[in-house]
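Here's a relaxed walk through one model, a strand pair at a time to begin with. Have the sequence and the 3D view open as you read.

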Amino acid sequence: MAAALSLEGVSKQYGDFRAVDDLSFQVAPGRIFGFLGPNGAGKTTSIRMALGLVQPTAGRISVLGSSDASKVRDRIGFLPEERGLYRRMTPVEAVVFFAGLKGVPSAVARKRGIAMLEAQGLGAAIHRPMKALSKGMAQKVQLITALAHEPDLVILDEPFSGLDPVNQQSLETLIRDLAKRGATVIFSTHVMAHAERLCERVVLLAKGRKAFEGSVDEARSAAPRRLILEGAATDDQLRALPGVAEVATDEAGVRTASLTPGAAAYDTLRAAFAQGLDLTRFEMREPSLHDAFIVLTGGA
Ligand SMILES: Nc1ncnc2c1ncn2[C@@H]1O[C@H](COP(=O)(O)OP(=O)(O)OP(=O)(O)O)[C@@H](O)[C@H]1O
Ligand SMILES: [Mg+2]
C-alpha cells in the first residue's frame with residue numbers, strides 16, 4: 001500500500017540556517033506515527049512542508065499519494081501548533097465552518113460536531129463563545145474542528161500540550177479510535193510517554209536531522225540498561241564490575257549503574273555476588289523512550 005506520507009531528502013533553509021536537513025521517512029497508512037524531537041528540532045517546519053504550507057528548499061514530498069497537498073486537503077485534518085479559533089464563534093459554529101471548508105454540508109457537520117463535542121465533555125459549552133472557554137477546552141474544540149470531516153490523514157502538532165492528565169488520556173483514546181477507523185495519525189511531541197503508549201513507529205529529529213527511525217522498542221534499545229543497587233558496596237567496587245559503564249548515587253544513597261551496550265545485567269550481578277559485595281537490593285531497569293530520547297538527541 002502507498003505511504004500516507006513520504007518525505008525524500010527534504011530540506012528547508014532559512015537564510016544560512018538549515019531548519020530541516022535531508023529528511024526522509026515514510027508513514028504507512030492506518031498507523032499511529034510519532035514525530036519526536038526537542039524544541040527547535042524542525043518538527044513543525046517538516047509538518048508545514050508536508051501540508052504544503054511551507055515550500056521545501058529541496059526534496060520530494062508525497063501526501064496520500066499526491067505530490068500536491070492542496071489536491072488532497074479535504075482528506076487531511078490538521079491541528080496546528082499555534083492555537084486559536086475565531087473568538088466570537090461558538091464551538092458548533094466553528095466545527096460547521098471548518099468542516100464546510102472541507103466540503104461537509106452544514107447540517108451534517110452540525111450533527112457530527114455536537115456529538116463529538118459532547119463525547120469530549122464539552123456538552124455544556126457548545127453554544128458559548130470560544131472566548132468564554134478555558135484554554136484546554138478551546139484546544140479540544142480546535143481538535144474537533146480538524147476531525148469533523150472524517151479525514152484519512154490526521155496531523156497533530158503537539159496535541160497534548162496544554163491538556164490536563166485526564167484530557168491527555170482521552171486524547172490518547174481518541175487517537176487510537178481514529179486509527180481503528182482506518183485513519184493515519186501523525187503527531188509531534190516531546191513527551192515520550194505518549195509516543196511510547198501510542199506509536200508503532202517513531203522518527204526522532206534532532207537539529208533538523210533524522211536521529212532515529214524505527215519502532216519504540218528499537219529506540220529503547222539505544223539507551224543503556226540500568227541496574228538499581230542498594231547496600232554498603234562502594235561506587236568504586238560497583239564501577240569495577242563487568243558491564244558497568246558508570247555509577248550515579250542519589251540523595252537517598254541508591255546507586256544506579258548504567259551498563260555498557262549489550263552487557264547482560266546477570267553477568268554484572270553474578271560478579272558482584274562472587275566478590276561478596278554487600279548488596280541488599282538490586283533491580284533491573286529497562287530503558288524508557290525518554291532515556292532513548294536523551295541518548296539519541298545527545299542530551300539536546
Ligand atoms: N520562518 C522561519 N524563519 C527562520 N527560522 C525559522 C522559521 N521557522 C522555523 N525556523 C527555525 O527552524 C528551527 C526549527 O523550528 P521548528 O518550529 O520546526 O521546531 P520544532 O521541532 O517544531 O520545535 P518545538 O518543539 O519548539 O515546537 C528553529 O531553529 C526555528 O527557529
Ligand atoms: Mg513545533
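## Around β8

Start with G34, which stands opposite V202 in β8. That pairing belongs to a parallel match between β3 (residues 32-36) and β8, made over four bridges. Bear in mind as you look that this is a predicted model.

β8 has another partner too: six bridges join β8 to β9, and these two run antiparallel. Here A206 stands opposite R209 in β9. β8 and β9 make up a hairpin with two residues between them.

## Two positive phi values outside glycine

What is the sign of phi for K207, in the turn of that hairpin? Positive, at about 50 degrees, and K207 is a residue other than glycine. K207 sits in the loop between β8 (201-206) and β9 (209-215). Is K207 buried, or partly exposed? K207 has 17 other C-beta atoms within 10 Å, so it goes down as partly exposed; the buried class would take 20 or more.

E150 is another one to look at, with a positive phi near 50 degrees in a residue other than glycine. You'll find E150 in the loop between α4 and β6 (153-157). E150 has 16 C-beta neighbours inside 10 Å, so this residue also counts as partly exposed.

## Helix α3 and its two sides

Now over to α3 (residues 106-119), a helix of 14 residues. From first C-alpha to last, α3 reaches 19 Å, close to the 20 Å expected at 1.5 Å a residue. Just after the helix, G121 takes a positive phi of about 75 degrees.

Which residues of α3 are buried? They are A109, G113, M116 and L117. Why do they line one face of the helix? Looking down the axis of α3, the buried residues fall within an arc of 95 degrees, so they end up along one face. What they pack against is α2 (91-101) and α4 (135-147). Turn to the face pointing away from the buried side and you meet the exposed residues A107, A115 and E118.

## Where the domains touch

The protein splits into domain 1 (5-215) and domain 2 (226-296), and their C-alpha centres lie 41 Å apart. How many residues does each domain bring to the contact? Domain 1 puts in seven residues and domain 2 puts in five.

On the domain 1 side, the elements that give two or more residues are α6 (192-198) and β9. α6 gives the most there, with three residues. By type, that side of domain 1 divides into six nonpolar residues, no polar ones and one charged. So β9 turns up twice in this story: β9 pairs with β8, and β9 also gives residues to the side of domain 1 that touches domain 2.

## The whole chain

Zooming out, the protein has ten helices and 13 strands. Its C-alpha atoms fill a box of roughly 75 × 45 × 35 Å, taken along the principal axes. Of the 300 residues, 38% count as buried.

What about contacts between residues at least 6 apart in sequence? Among those, 70% join residues at least 24 apart.

Terms used:
Residues are numbered from 1 along each chain as its sequence is written. Chains are lettered from A and ligands numbered from 1 in the order in which they are written. This is a predicted model: local features need pLDDT of at least 70, side-chain atom pairs count only at pLDDT 80 or more; totals for chains, interfaces and linings use all residues. The expected span of a helix is 1.5 Å times one less than its number of residues. A residue is buried if 20 or more other C-beta atoms lie within 10 Å of its own, exposed if 12 or fewer, and partly exposed in between; C-beta atoms are placed from the backbone. The arc is that of the directions from the helix axis to the C-beta atoms. Two residues are in contact if their C-beta atoms, placed from the backbone, lie within 7 Å. Domain bounds come from an automatic or database domain assignment. Ala, Val, Leu, Ile, Met, Phe, Trp, Tyr, Cys and Pro count as nonpolar, Asp, Glu, Lys and Arg as charged, and the others, Gly among them, as polar. Two strands pair if DSSP finds at least two bridges between them.
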